[in-house]
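Biologist: Could we go through this model together? I should like to start with one residue and then turn to the aromatic rings.

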Amino acid sequence: MRGQEAGGTESAELVGRERELRLFDERWHGDPESGARRTMFHLHGVAGVGKSSLLRRFAAAARERDALTAVLDESATGVPEALAGICAQFAARGAPLKALERLLETYRQRRYEAEAAVLQPDPGTAAPPEAPGGPQPSPGLVTAAQIGVVGLGTVLPVAGILDPVRLASNAGELRSVLSRRFGRPEDVQLLLDPPGALSPVLVAELTRVAARGRRIALFFDTYERTGPFLDPWLRGLVAEERYGPLPDGTVITTSGQRAPDPAVWADHAGLVTGVPLSPFTEAESRLLLTAKRVVDEDVVRDVLRLSGGLPVLVSMLAENAGRPDGLPDPSATAVERFLRGETDPDRRGAALRGALPRRLNEDILLVATGRDPDGPDADPTDAAGAFPGGGPGGPEPAGDPSAAGLFDWLGRQPFVSHRDGHARYHDVVRDPMLRLQRTRSPRRWRAAHTRLADAFAAWAAEETDGEAPGGPREGLRDIHDSGPEEGLWAVDAWRTARIEETYHRLCARPRTALPAALRDGVLAAGESVTSARRWAGAVADAGADTDDAALRELGAHCLAAVEDESRLAVPLIGVILGRAETDDTTRRRALLVRADDHRGLGHHDEALADYRLAIALGDDSPRTRHELGETYRVGGRYEEALTEYALVLARCPDTIPTIASAAYAHYKLGRHDEALTGFDRAVAARPRYTWALRMRAEVRNALGDGEGALADVTAAHDIAPRVPWVVGARAEQLRRLGRHDEALTHFDRAIELDPDYAWAHGSRAMSHHALGGAARALADLDRALTLDPGYAWALLRRAELHHEQGDAGAALADLDRTLDISPRYVGALLLRAEIHRERGDTDTALADLDRAVATGHAEAASLVRRARLHLDRDDPAGALGDVRRLVALGDTAGARAVLADPALDAIPEARALVHGLTGADGGSGA
């Protein structure tokens, strides 16, 4: 990110703008309590008007006053990236923000873990155990926490500002799921809302630095690109003090082509000092020309007329004013006017062809000018031939004709800036240079862009080292058929080269290159919103630079589709699917990417529709069937999931993730023998598959094999003894076996590894309770609920303890909260019904039992309780109705328990039922 001192050819531009500099000085020195000094400045004006130069002068003025400064540009694609840039520049100036640096590293790690957990279960993923009485975490909801999802806040993620409430239809469920996966609420919040988690640490670090007597000044250039992502964050940081008050005297300056966005800043208009920049006045232009030693009045008048007062053009024309043949002929093209004074054909050709790429280094310039990468020769379409006054008939070269010499010369020109290791042309200069080449020789235009595209393709290939890395679904390599490029989109150097290749192919032949470009857009979207945004920017730039209306419109639609990172790539895929140029292969892949994102956002119905449509269009691959099955599974539709898994395994019988997912579905359906068989296969194939070991233990418990379950969680513990959920799983199994002292030792260890592990606190409470430590049990449950207020299982357990201690009011309060979170939680409905019955409120109790029966879960237990309540209410007919349902369910023990009530002795049907049950099983069945 740019943060260098102004210098070189830029130094001559440091004239004029005296009014704006005085305004900055007044605000800097003003009394904070007087209101004279604003916290924020916003420079705005057309391209080339000198915004970046003035921003650098502001930054230089702040540094002269011993302020700590950071200057950021469009490479900051989101809040995390901006904060990383601030950290880097402050550290370079001797004031590292170490706490923020550590949290940024944690964010990057947690984001990677969340993305890697998309296909849970997976042997490499540390998945949390299923909480007792609670649901297994949904991998789709974990996907929604990508902040790059999520970087969004890229990713946006990612960049951008994320609204975590919109990441899933049930934010409480999402937070609860992530709490179980990651344990620490700080990590969950970091994934859900990176700006909200990172910014308080930024404020604290800036306050610490400022306490040493240093003022803080932050500068954000090219804000027309970063504003959509940074504007809401800056409003919260500066105007709303959402993350705490900034240190006194902090100054923030933004610079972009547009005025402050009224939708963001309307309520804080007095806070932002708008600084509109117009082209130089004649006096300011003359001042700059004088600084450049251009004083001849005829030349000055020509510069004033040709430049329109744009500082970049004034400076550039001034650089050419001293040439022997004078200023360019006013009737010549704009580009000829820019460089008429430069007679060296190599330099003229390099300046013209150097405008073709969006970013420039010595290697790219070598290709752009048509030179042989292995030698000095130019190609037959010599770059100078496209430019008036150049070519073989021109003057002899006046400077170093080598690529290095040309690049050094070009880098010193006033229209070239440097950042991120590359040179970039100012748009005001680049645009007419592109127009000149495109219109003067379309053939050379196509050839040059094709040559550049081929070069970027070769450079991208070099980044693979002949081998594509694994993509986000490495566990499914045996059924993954989308090609090696999917994984490469996660490689920054490869991705950068590929996007530049796409740009140049679109510039060369927009119609021909568009289908392949759209395919790349889908793959970029599958990697991250940040990648998709960079791809969309290349399409938009190609549309503008080719003056192709259709391509320009497509680029605008694509950029608009990736502004809101909270929707992931769903809108962008909609744009691509709506294009006639999208071929069938790309269309099928696009549907899969959108389906993945829908599932990540918790939109299971939409995800299912996209997977089915992809299959209908011909993508009946095992991978697609597996993903369809996963979507059914995370949505609780286990029978349908099993149908899809069966199709996968019929074609790829050894796909371990599918075998494990099918086993899990059987377990949830109560088919424990089938589940055990599946998990046995998974563990046999991958003995270190800790999730499969953990879930096999659950199946063994359901089959009554507690010791076998202990062996499984012990094996998992031997594999990963420092993973909190693995240690906690062994502790839980010991608790189930009644070995509470040993269980407490392991729960303590799990909490030592992760003090904010809510599940471990909740389960440890049960061992404390079993050993008579009710107070410790309540303390653990209180801690678990502080860490995870949506932890329904812990609320129910605390309600049970309150009920045991005779505190019905506290128990009912916890049960109400539990059912607000999980309305179909049968255990909570049964306990609340019991408390209402004890208090004599049988109507409310009956309503709760009706709800419990209607869920279909634990139906027999709910029917027994409701039948007894009917008898309490002197309703034997209602009780007999429930007995008949118990008989139909095969629960003869429950039916006989109800029929034993004396209130039914006088009813013939009841006696007949007793006789029938006794005759059917000889009185057994209890």
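**Contacts and ring pairs**

Biologist: Which residues does Ile821 touch, not counting residues up to four places away in sequence?
Modeller: Ile821 touches Pro789, Gly790, Ala792 and Leu795, where contact means heavy atoms within 4.5 Å. This is a predicted model, in which local features need pLDDT of at least 70, side-chain atom pairs count only at pLDDT 80 or more, and totals for chains, interfaces and linings use all residues. Residues are numbered from 1 along each chain as its sequence is written, and side-chain values use heavy atoms, with hydrogens and water left out.

Biologist: Is Ile821 buried or exposed?
Modeller: Ile821 is partly exposed, with a relative accessible area of 37%; buried means under 20%, exposed over 50% and partly exposed in between, using a 1.4 Å probe and protein chains only.

Biologist: Turning to the rings, how many aromatic pairs are there?
Modeller: A search of the whole structure finds 14 aromatic pairs. Rings of Phe, Tyr and Trp (its six-membered ring) pair if their centres lie within 6.5 Å; planes under 30 degrees apart count as stacked, over 60 as edge-to-face and the rest as tilted. One of them joins Phe41 and Phe58, with centres 5.9 Å apart and planes at 65 degrees, so this pair is edge-to-face.

Biologist: Are Phe41 and Phe58 buried or exposed?
Modeller: Both Phe41 and Phe58 are buried.

Biologist: What about Tyr664 and Trp691?
Modeller: Their ring centres are 5.9 Å apart and the planes lie at 40 degrees, so the pair is tilted. Tyr664 and Trp691 are buried too.
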